[in-house]
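Visitor: Hi! Could you walk me through this one?
Guide: Happy to. Let's bring it up and have a look together.

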Amino acid sequence: MTTAETPTPTSAPAVTPAPASAPRAFSGARTLATAARVLTQLRHDPRSIALMILVPCVMLFLLRYVFDADARTFDSIGASLLGIFPLITMFLVTSIATLRERTSGTLERLLALPIGKADLIAGYALAFGAIAVVQSLLATGLAVWGLGLDVVGSPWLLLLVALLDALLGTALGLFVSAFASSEFQAVQFMPAVIFPQLLLCGLFTARESMHPVLEAVSNVLPMSYAVDGMNEVLRHSEVTGNFVRDVVIVAGCAVLVLALGAATLRRRTA
């Protein structure tokens with residue numbers, strides 16, 4: 001009897017790797033299922049929805065009337081902040097929401113199912129990206145038609161950059177959640193990831209006037225190109241080569257960070 005039992009455990013591990021490697025191929029159906037699950041969970045979390053959708057609008061509203069005596073100041077920085085606010089809010093909410101899935105064991109249970117890491121990351125990105133579309137529409141509409149933001153270019157180009165910025169914030173949030181073990185630690189990543197970009201993106205002073213070392217650093221930060229893209233729409237009526245460059249860089253950074261997020265997705269919770 002003992003000799004008959006010996007082949008059974010040795011044959012079981014040989015069968016296990018085959019199905020484990022198969023689900024690694026990307027599947028649109030599994031991605032949509034993941035996105036639907038995340039959106040269902042967010043629907044029961046009105047505070048997170050309010051933070052993602054309403055906070056950028058509230059911040060733009062306050063900013064407009066902070067500079068009530070000088071509307072030109074709002075015109076000069078409002079477009080830049082229209083891209084920065086969605087990035088920051090999506091970074092915060094995405095990093096905390098994803099971390100909850102890690103620490104609660106939900107992510108580990110999902111990875112035990114026949115689903116690939118790319119499916120999970122793409123599903124999360126699709127769910128939060130859908131919210132980013134709503135957020136960008138509301139913020140851009142409020143800034144241009146509600147608060148009178150004066151732009152030379154098309155408001156639809158502002159919307160495009162705002163949406164890409166929100167998606168970049170989503171990608172960054174998914175990525176940094178892999179390195180945090182608590183929600184407090186996830187929030188602590190904001191000074192490390194967001195604040196340096198905020199200081200060096202050209203919002204407070206032209207990047208060309210910075211110290212050469214800081215200017216070189218700003219040239220590799222995605223938020224710099226988000227602000228540049230908004231400024232291109234603010235100043236030019238046509239689509240410029242610099243605008244196309246800025247949009248491609250922001251979109252490319254979002255895709256790259258999402259790929260890094262999939263690579264750092266761990267099977268076991270911390």
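**Salt bridges, a bent helix and the cores**

Visitor: How exposed is Arg245?
Guide: Arg245 is partly exposed, with a relative accessible area of 37%. Do keep in mind that this is a predicted model.

Visitor: And what does the Arg245 side chain meet in a salt bridge?
Guide: The side chain of Asp246, with N and O 2.7 Å apart. Asp246 is buried, at a relative accessible area of 1%.

Visitor: How many salt bridges are there by this rule?
Guide: The count comes to three. Another one pairs the side chains of Arg207 and Asp228, at 2.5 Å from N to O.

Visitor: Where do those two sit in the chain?
Guide: In distant parts of it, 21 residues apart. Arg207 is in the loop between helix 11 (195-200) and helix 12 (212-218), while Asp228 belongs to helix 13 (residues 222-235).

Visitor: Are they buried or exposed?
Guide: Arg207 is buried, and Asp228 is buried too.

Visitor: What about the salt bridge of Arg64?
Guide: Arg64 pairs with Asp68, and their closest N and O atoms are 3.5 Å apart. Asp68 is partly exposed, with a relative accessible area of 47%.

Visitor: Why does Arg64 count as buried?
Guide: Because its relative accessible area is 15%, and buried means under 20%.

Visitor: What else is Arg64 in contact with, leaving aside neighbours within four places in sequence?
Guide: Ala71, Phe74 and Leu147. Arg64 itself lies in helix 5.

Visitor: Let's stay with helix 5, then. How does its span compare with what it should be?
Guide: Helix 5 (residues 46-66) has 21 residues, so at 1.5 Å a residue it should span 30 Å. Its end C-alpha atoms are 28 Å apart, which agrees.

Visitor: Where does helix 5 bend?
Guide: At Leu54, by about 45°. A proline, Pro56, follows within four residues.

Visitor: Which residues of helix 5 are buried?
Guide: Ser48, Met52, Ile53, Pro56, Cys57, Leu60, Leu63 and Arg64.

Visitor: I see a cysteine in there. How many disulfides does the structure hold?
Guide: Zero. Cys57 counts as buried because its relative accessibility is 13%. Cys201 is another buried cysteine, at 0% relative accessibility.

Visitor: Switching topic: how many residues are in the largest nonpolar core?
Guide: It has 47 residues, and those with the most contacts inside it are Ile84, Leu158 and Ile194.

Visitor: Which helices each supply at least two residues of this core?
Guide: Helix 5, which we just talked about, is one of them. The others are helix 6 (71-103), helix 8 (117-146), helix 9 (155-176), helix 10 (183-193), helix 13 and helix 14 (241-263).

Visitor: Which helix gives the most?
Guide: Helix 6, with 11 residues.

Visitor: And what does Leu158 touch, not counting residues up to four places away in sequence?
Guide: Leu158 touches Ala79, Leu82, Thr140, Val144, Leu149, Val151, Met230 and Val233.

Visitor: What lies apart from that core?
Guide: Another core, this one of 17 residues. Val38, Leu42, Ala132 and Ala166 are among them.

Key
Residues are numbered from 1 along each chain as its sequence is written. This is a predicted model: local features need pLDDT of at least 70, side-chain atom pairs count only at pLDDT 80 or more; totals for chains, interfaces and linings use all residues. Side-chain values use heavy atoms; hydrogens and water are left out. A disulfide is a pair of cysteine sulfur atoms within 2.5 Å. Buried means under 20% relative accessible area, exposed over 50%, partly exposed in between (1.4 Å probe, protein chains only). A salt bridge is a side-chain nitrogen of Lys or Arg within 4 Å of a carboxyl oxygen of Asp or Glu. The expected span of a helix is 1.5 Å times one less than its number of residues. The bend at a residue is the angle between axes fitted to the seven residues ending there and the seven starting there. A nonpolar core is a set of buried Ala, Val, Leu, Ile, Met, Phe, Trp, Tyr and Cys residues joined through side-chain atoms within 4.5 Å. Contact means heavy atoms within 4.5 Å.
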